[in-house]
Amino acid sequence: MNKENSGFSTKLIHAGEIQDQFGSATVPIYQTSTFSFKSAEEGAKCFAGESDGYIYTRIGNPTINALEEQIAILENGYGAIAVSSGMAAATTIYLSLLSSGDHIVSTDAIYGPARGVMEKQFVRFGFQSTYINTTDVEAIEKAIRPNTKVLYIETPANPTMDITDLKACAEIAHKHKILLVVDNTFCSPYLQNPLDLGADVVFHSMTKFINGHADIVAGIIITKEKNLYHQLRTMMINMGCNMDPHQAYMVLRGLKTLAIRIDRAQENAMKVAEFLEKHPKVAWLKYPGLKSHPQYELGKKQMKGDGSMISFGLKSGYEGAKTLMNHVHLALLAVSLGGVETLIQHPASMTHSKVSKEDKQKAGITDDLIRFAVGIEDVNDIIEDLKQGLEKC
Ligand code: LCS
């Protein structure tokens, strides 16, 4: 069987696996910081790049590389670079692709700290940024300047669930000779493959769906071509934001069930979204699987499923949101998403609290917005939990 041409779920189990001397069914954890050379000559060859032997775990490690190979295959990329967190992926991308005086155009409603680090910290290094609603393709064209180097898209966006047209973005980016970077965290490679739609770089917080068990923080960057891969890999090695072999093993373990976890979570999410949308206390709701989503058709075109993230607001506004969060019992009141457990959180005061009030308003991160990450529990229990909580709102 050619594993590279097999189906997605087969690749989840077999792609990138290591054949070790004992026939281990899983990738072993090479918990070592350094690797010995057989001779001084071999060591020199490794450092000269004339041999692909391992040198030092910050540079490369067989457990980490197995994960990188597997994710590169799942995203149809040239190669992947595993990093310590999703934020390490974002900052490695910024620092690799931008120089002082360069400009980035980005989705306004992205994960809060990915925006905050540009506007509050990297601004000191001369990086310029413009945050816009990227569902408006014309607004993207208008925001591009002569010094723009990167178009950075998060779709569906955290936490508004807005969907941006990736094919249209790739066309704009390449017309202007800039790179398209996509944060694919909300979909995972199972539901969306931005490189196939024209993106140059894709990244994930693997803390979410890819690992899926709320027990690891991790990130990964995938590139479409070789030069970009080496540029980003060199930055990762020099910044030292590599993954640890044990962390890689945990992600490899979680990854095997990605498809069945997401299948179940999105089946649940559809039922939860339908329940909430009809509930008299709910003012509005955005879920890619419902026709009421403003970019429903686009989602159907570029995503292979609707995912398991819902955002909604109550008629009783922020007060109602607080009451609901304080009265659910099954859903954990916690940030993060993409795990087996259902989570509820309030972006305006939690994940996006550092984004200014004005920018939050512009990006649609309203005070009443509740973000609901649907898990794989029995859906009736999730709905019953919401039902009894909503009675108090
Ligand atoms: N990109 C997206 C879309 C995210 O949702 C997150 C984290 C990151 C990047 C950063 O990844 P990390 O460094 O945490 O692995 N999102 C979170 C959230 O919505 N709640 O808590 C973390």
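Two strands are taken to pair if DSSP finds at least two bridges between them. In the predicted model described here, β5 and β6 meet this condition, pairing in the parallel sense over three bridges. Within this pairing, V182 has V202 of β6 as its bridge partner. On β6 there is also a pairing with strand β7 (residues 219–223), which is antiparallel and runs over five bridges. There, H204 stands opposite I220 of β7.

These strands belong to a protein with 15 helices and 12 strands. The radius of gyration is 21 Å, which agrees with the value near 21 Å for a compact globule of 393 residues. Along the principal axes, the C-alpha atoms fill a box of roughly 75 × 50 × 35 Å. Of the 393 residues, 56% count as buried. Among contacts between residues at least 6 apart in sequence, 72% join residues at least 24 apart. The exposed area of the protein is about 16700 Å², and carbon and sulfur atoms supply 52% of this area.

Strand β6 is mostly covered, with five of its five residues buried. The side chains are divided between two directions: V201, F203 and S205 point one way from β6, whereas V202 and H204 point the other way, and all are buried. For F203, the relative accessible area is 2%.

F203 also takes part in the aromatic contacts of the protein. The count of aromatic pairs comes to 11. One of them is formed by Y152 and F203, a tilted pair with 5.9 Å from centre to centre and 50 degrees between the planes. Because Y152 lies in strand β4 (residues 148–154) and F203 in strand β6 (residues 201–205), the pair ties together parts that are 51 residues apart in sequence. Y152 has a relative accessibility of 0% and therefore counts as buried. Both residues belong to one aromatic cluster, which is formed by Y94, F122, F125, F127, Y152 and F203.

A further residue in contact with β6 is N184, whose place is in the loop between β5 (179–183) and α8 (188–191). Although N184 lies in a loop, its relative accessible area is 0%, so N184 is buried. With neighbours within four places in sequence left aside, N184 is in contact with V202, F203 and H204, and likewise with E75, P189, Q192 and P194. V202 thus appears both as the bridge partner of V182 and as a contact of N184, while F203 is in contact with N184 and forms the tilted aromatic pair with Y152.

Conventions:
Residues numbered from 1 in each chain as written. Predicted model: local features only at pLDDT ≥ 70, side-chain atom pairs only at ≥ 80, totals over all residues. Heavy atoms only, no water. Phe/Tyr/Trp six-rings, centres within 6.5 Å; stacked < 30°, edge-to-face > 60°. Helix = DSSP H or I, 4+ residues; strand = E, 2+ residues; numbered from the N terminus. Buried < 20%, exposed > 50% of the residue type's maximum accessible area, 1.4 Å probe, protein only. Contact = heavy atoms within 4.5 Å. Rg over C-alpha atoms; globule rule 2.2 N^0.38 Å. Areas by Shrake-Rupley, 256 points an atom, 1.4 Å probe, with all protein chains shown as cover.
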